[in-house]
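Biologist: I keep meeting labels such as buried, antiparallel and core in descriptions of models. Could we go through one together and check how each label is earned?

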Amino acid sequence: MPAEAEILPLAQLASPIRRPAIELTGFARAGLAMLVMLLYVFLLLPIVVVVSSSFSPTRSDSYAWSQASLRWYYEFFAAPNFTSALWFSLWLAAVTTVVATVIGFISAYGILRFLGKRRRTGQSLAMLPMMIPHILISLSLLLALTRVPLPELAALVIGHVLICLPFTIAGIVASLEGVDPDLEAAAYTLGASRPRVLLEVTVPLVAPGVLSAMIFAFIVSFGDVDIALFLSGPGTTTLPIEIFSYIQWESSPVVAAITTVQIALVVLFGLFVERLVGLKTAMRI
Amino acid sequence: MLLAPLGLIYLLFLLAPISFFLAVSFLKYSATQLYTSTPTLENYQRLLFDPFYTRIILDTFRISATVTVITAVLAYAMAIELFRAGSTLRGLMIFAAVAPLMLGVIARSYGWIVVLGQSGLVNRVLLATGLISSPITFIGTEFTVIVALVHFMIPYMLFPIFSALAGQDRQLVPAASTLGARPVRAFLEVTLPLSRPGVMMGSALVFTLSAGSIVTPTLLGGRQVAMIGQTVYELVMSTFNWPLGAAAACILVLCQLVVMFLYLGRARHAG
């Protein structure tokens, strides 16, 4: 299914908008405001409860603030199944990011500089994994493993690279568009070889865009459920899948602690992208 | 050529496996070899005529449709409020609406387990106020699956509707009221029809995402709720009936694609 960043026109949302095309009378206005306030309580409730129960000193999620403890965080870091899943997830996301960025850069460059009029077609074709439900991608890779002697880990990496490629390609195409081809031509005329032009002119110019594309790929891989649900095996279980199989049988605030750590990581990454290129620009991909 | 690696990757790891997957859905199942090379329509026949599977398919559609309608109404109200808010408040409201997206589907399902569990927040509050005398079992019911799916889907519905409203000519409603329309009528006859493409886009997204969900019904629906996504998961991961699982996945994906193209096609006409 299409991933979040593609369908959320955040850039558009953040820009100043024209005022309402809707008129409401007093009573309806108050009622609507109430409803929406309740809706926000509904939207934020599970998050608030999860974060707060992660600091609970007991299994229950109700406690006095003065009793807040880091017990579940200690338990998380002491549980080998969770920590190894966390490390594996981070490793997988890092490998995926590097591969998807390298291939993404080559492809974005090819689409922009060599396709000419067929650029639009090329760009849409590059978005293919985004159009296909991710479950179908992972299921068919898993099925292919019955025919092709490939380790499960390879299939998992391939699956993650596939779902990250549309993000890296779109992000890098967007930042390459801002590079004046004349700059490359100028360097070329001055005697620089093609690889040197690429490394010394193009890459530095698009570096912030490439970095934000990398962070996006990292987040997509790190948060993925659909691919890992089918392609995770013993020793190659990602953190979300480990949590999934754990809470099918048991519910413990350890999960709340892990979730809170995840939230912190995503917020941290988000702030980093914001500092780097501005969230608005980054979300436009 | 610079595009060769990408083409090769898509061909080898995307298109070829998916074609093979499609083909297997037309093959006969064998307990020893997973699938044989005998072609058959049996798998599709079973899914479409065996009452056990038709119920699952119909349930999936019913749940997804319910989620879509509820989400559309709630997100529409939110979109209107977003318009009426000042820019600081609007920024906050947008952030709060997107914030749950940062948590994955698993973390959010866990959140609902904590909120709606036997000794969860809701039951504690209800018990404390004396409204109920023994805790209500929420986990393992269709109600909870729908609540969690609505929670998950609101952002996907909110933003298309918001974009559609943002694109409207703001002179239209004053024009309608000048012509004597009351606010409610102006909304029903001007604003609402014009925002149809946004509602449709959002509905298509929410319906397809709900229909394909696996994790939410597994964690919150227990044995009471069966949706196609779970069925595919179980057929492939525990029963190893690949042909039937593949056929179920193909039916699901086909329905998703049909809904998507139908909605998008009509939205384009309307827009």
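Modeller: Happily! Let's begin with burial: a residue is exposed if 12 or fewer other C-beta atoms lie within 10 Å of its own, buried if there are 20 or more, and partly exposed in between. Please keep in mind that this is a predicted model.

Biologist: Then what makes L11(B) count as exposed?

Modeller: L11(B) has 10 C-beta neighbours inside 10 Å, and the cut-off for exposed is 12 or fewer, so L11(B) counts as exposed. L11(B) belongs to helix α1 of chain B. Its C-alpha atom is separated by 62 Å from that of G130(B), with the two positions 119 residues apart along the chain.

Biologist: And why is F240(B) called partly exposed?

Modeller: F240(B) has 13 C-beta neighbours inside 10 Å. Exposed ends at 12 and buried starts at 20, so F240(B) counts as partly exposed. You will find F240(B) in the loop between α12 (228-237) and α13 (242-270) of chain B. Its phi is near 60 degrees, a positive value in a residue other than glycine. Most residues other than glycine have a negative phi.

Biologist: How do you know that α12(B) is largely enclosed by the rest of the structure?

Modeller: By counting: 7 of the 10 residues of α12(B) are buried, so the label follows. The buried ones are I228(B), G229(B), T231(B), V232(B), Y233(B), L235(B) and V236(B).

Biologist: Over to chain A. Which kinds of secondary structure are there?

Modeller: Chain A comes to 15 helices and 0 strands. Of its 285 residues, 41% count as buried.

Biologist: What makes α5(A) roughly antiparallel to α6(A)?

Modeller: Helix α5 (residues 80-114) of chain A packs against helix α6 (residues 119-126) of chain A at about 160 degrees, and their axes are 8 Å apart. Angles over 145 degrees count as roughly antiparallel, so that label fits α5(A) and α6(A). The crossing is left-handed. S107(A), I111(A) and L112(A) of α5(A) meet R119(A), G122(A), Q123(A) and A126(A) of α6(A). By class, that contact has 3 nonpolar, 3 polar and 1 charged.

Biologist: Why are α9(A) and α11(A) called roughly antiparallel to each other?

Modeller: Helix α9 (residues 152-177) and helix α11 (residues 194-223) of chain A pack at about 160 degrees, with axes 9 Å apart. Set that against the cut-off of over 145 degrees, and α9(A) and α11(A) are therefore roughly antiparallel. Here the crossing is right-handed. The contact residues include H160(A), F167(A) and G171(A) of α9(A), and V206(A), A213(A) and F216(A) of α11(A). The contact has 12 nonpolar, 7 polar and no charged residues.

Biologist: Which residues have the most contacts inside the largest nonpolar core?

Modeller: They are A75(B), A79(B), M153(B), L158(B), I161(B) and A249(B), in a core of 151 residues. Helix α7 (residues 142-166) of chain B gives the most to this core, with 18 residues. Leaving aside neighbours within four places in sequence, M153(B) is in contact with V67(B), T71(B), V206(B), L209(B) and S210(B).

Biologist: Finally, how many residues of chain B are in contact with chain A?

Modeller: 75 residues of chain B are in contact with 70 residues of chain A. On the chain B side, helix α1 (residues 4-24) gives the most, with 11 residues. That side divides into 57 nonpolar, 13 polar and 5 charged residues.

Terms used:
Residues are numbered from 1 along each chain as its sequence is written. Chains are lettered from A and ligands numbered from 1 in the order in which they are written. This is a predicted model: local features need pLDDT of at least 70, side-chain atom pairs count only at pLDDT 80 or more; totals for chains, interfaces and linings use all residues. Helices (H or I, at least four residues) and strands (E, at least two) are DSSP runs, numbered from the N terminus. Axes are lines fitted to C-alpha atoms, for helices over the stretch in contact, and angles run from 0 to 180 degrees between N-to-C directions. Angles under 35 degrees count as roughly parallel, over 145 as roughly antiparallel, 65 to 115 as roughly perpendicular and the rest as oblique. A crossing is left-handed if the near helix is turned anticlockwise from the far one by less than a right angle, and right-handed if clockwise. Two residues are in contact if their C-beta atoms, placed from the backbone, lie within 7 Å. Ala, Val, Leu, Ile, Met, Phe, Trp, Tyr, Cys and Pro count as nonpolar, Asp, Glu, Lys and Arg as charged, and the others, Gly among them, as polar. A nonpolar core is a set of buried Ala, Val, Leu, Ile, Met, Phe, Trp, Tyr and Cys residues joined through C-beta atoms within 7 Å.
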